[in-house]
Amino acid sequence: MRFYIETYGCQMNIADSELVTTILTNSGYQEAASIDEADIIIFNTCSVRQHAEERVLGRIANEKSRKRTNPGLRIGVIGCMAQRLQDELMEIQDGIDFVVGVDQYSEIPYILSSASENISAKFNQNEIYNDIYPTRQGKLNAFVTIMRGCNNYCSYCIVPYTRGRERSRPISDILTEVKQAGDNGYPDITLLGQNVNSYDYQGIKFPDLIREINKIDSIRRIRFVTSHPKDLSDDLIIAMKESDKVCHNIHFAMQSGNSEILKRMNRGYTADHFYGRILKLREVMPDIAITTDVIAGFPGETEEQFMDTYNLMQKIEFDYAFMYKYSPRQGTKAAEFTDQVPEAIRLERLQRLITLQREITLQKYQNMIGRIVEVFVENISKKSIEEVSGKTDDFKICVFPGTKELIGKFVKVKITDATAGTLIGVHYEQD
Ligand code: SAM
Ligand code: SF4
Ligand code: F3S
């Protein structure tokens, strides 16, 4: 029996798909090379915005027609949408054979071997998947989950309801997995958690974890997502500076530049605090690249409050920003707020932020022209087989002339040009 997993959502879901691949292959299932060859199609889903859910429902509606020619085909839904909607999912969308929540993945082989159709796993929320190590999906950078769940309950966010309470993974498991990744040719690792700054395993905190990982020989680059601004400590900033393998790059979600909105978002910090952390990061690591997440049109957001966000983005000059228009999520506090901003205004504000950030990103990238950077080569470029692409230490995509032999290598590149999203360069000297 061959399975195919289609993954949506954040890095956490990508890591979970790799975990499910291990669970299934350990039980004798094989990974299909394409969806056409699969006997089992699994959608690993995301609920963070309405649009993410609608896309998957559309995909399932499309793929269920395969059952006409392949009656044995089974379609499963896992991930955050499975967790949020549980059995209801099978009523909303026909053609689904099984639904499994984020903490029941070990049960998938039993569900598949059961004769009955339309089955869903029980939904409890404390699994940490100790000592199940992911089957890496071909990419050269490895995601390593260090914690699951979230306790923050930002008022707009569905994640605490889909991912359950925050749990930190034992440090010994994390170190084993990181070492294994490095030894198997994945020298660039990203540590994952909804708020990595609150990692705490029997008193071992995140800065301690980073210092330990930094000692692993086969690892060359360490990154982490996501850092919550309320918990980013001076100790972590120092640990980043002192640990030579930690990239000078941080994803640091601002969400809004107005303190009243941040309060209504239940973010636990003010705009001044956020800006103060940015200054500290830049004081300790002047070359640090900072990326962010911002939401436009949160309930009650006035034009003035929106402009606080716009102005703070202009003042900070993030290297890159992921910008979203607010999407009400049923069951969250903000969805109940009576002062929802009309859709057209949310969209118009989002567009203003995108226009602003595109100019800033372009400027930031163009400032790199003339510099020599180290690129970890990951792929042949999508646009030309005579070019390769990879990531700089500060997580910018860089394309330059080269052949597939460079894939998996760290290469010095001189930047000669830039767009708002890609650095273009020439091979300077091989490491
Ligand atoms: N834990 C991460 C943090 O706090 O930075 C964020 C994880 S969330 C999956 C990714 C981003 O989605 C958030 O930072 C937020 O900007 C955005 N997001 C979450 N809920 C949203 C909603 N209801 N509408 C629009 N954007 C949302
Ligand atoms: Fe959602 Fe907030 Fe948790 Fe991030 S910290 S996952 S935005 S509740
Ligand atoms: Fe990630 Fe989406 Fe779930 S962003 S945690 S897959 S709701």
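## Cores, ligand shell and two buried residues

Leu191, Phe206 and Phe224 touch the most other members of the largest nonpolar core, which holds 65 residues. A second, separate core has 20 residues, including Cys46, Ala52, Ile60 and Leu73. Please keep in mind while browsing that this is a predicted model. As background, nonpolar side chains tend to be buried together in soluble globular proteins.

Let us look at one of those core residues. Leaving out residues up to four places away in sequence, phenylalanine 206 touches Ile146, Leu191, Val196, Asn197, Tyr199, Phe224 and Leu236.

As for the overall layout, the chain is divided into domain 1, covering 2–120, and domain 2, covering 372–427. Their C-alpha centres are 35 Å apart.

### Around ligand 1

Which residues come closest to ligand 1? Of the 16 that surround ligand 1, the closest are Gln194, Thr226, Gln255, Asp293 and Ser327. Strand S15 (289–296) and strand S16 (320–325) each contribute at least two residues to this shell. Three distances between polar atoms are set out here.

| Ligand 1 atom | Protein partner | Distance |
|---|---|---|
| Nitrogen | Glutamine 194, polar backbone atom | 2.8 Å |
| Oxygen | Arginine 267, N or O atom in the side chain | 3.3 Å |
| Oxygen | Aspartate 293, polar side-chain atom | 2.6 Å |

On its own, ligand 1 has 560 Å² of accessible area, and the protein covers 92% of that.

### Methionine 81 and glutamine 93

Is methionine 81 buried or exposed? Its relative accessibility is 1%, so methionine 81 counts as buried. This residue sits in helix H4, residues 80–85. Not counting residues up to four places away in sequence, methionine 81 touches Thr45, Cys46, Ser47, Glu53, Val56, Leu57, Gln86 and Leu89. One of these, Cys46, also belongs to the second core. For a sense of distance, methionine 81 and threonine 135 are 54 residues apart in sequence, and their C-alpha atoms are 23 Å apart in space.

Glutamine 93 is found in the loop between helix H5 (88–92) and strand S5 (98–100). With a relative accessible area of 9%, glutamine 93 is buried too, because buried means under 20% relative accessible area. What does glutamine 93 contact, beyond its neighbours within four places in sequence? The residues are Leu57, Ile60, Ala61 and Lys64. Among them, Ile60 is included in the second core. Finally, the side chains of glutamine 93 and aspartate 94 are joined by a polar contact of 3.4 Å.

Notes
Residues numbered from 1 in each chain as written. Chains lettered and ligands numbered in written order. Predicted model: local features only at pLDDT ≥ 70, side-chain atom pairs only at ≥ 80, totals over all residues. Heavy atoms only, no water. Domains from an automatic or database assignment. Core = buried A, V, L, I, M, F, W, Y, C linked by side-chain atoms within 4.5 Å. Buried < 20%, exposed > 50% of the residue type's maximum accessible area, 1.4 Å probe, protein only. Contact = heavy atoms within 4.5 Å. Near = heavy atom within 4 Å. Polar contact = N/O pair within 3.5 Å; in protein donor to acceptor, adjacent residues only side chain to side chain. Areas by Shrake-Rupley, 256 points an atom, 1.4 Å probe, with all protein chains shown as cover. Helix = DSSP H or I, 4+ residues; strand = E, 2+ residues; numbered from the N terminus.
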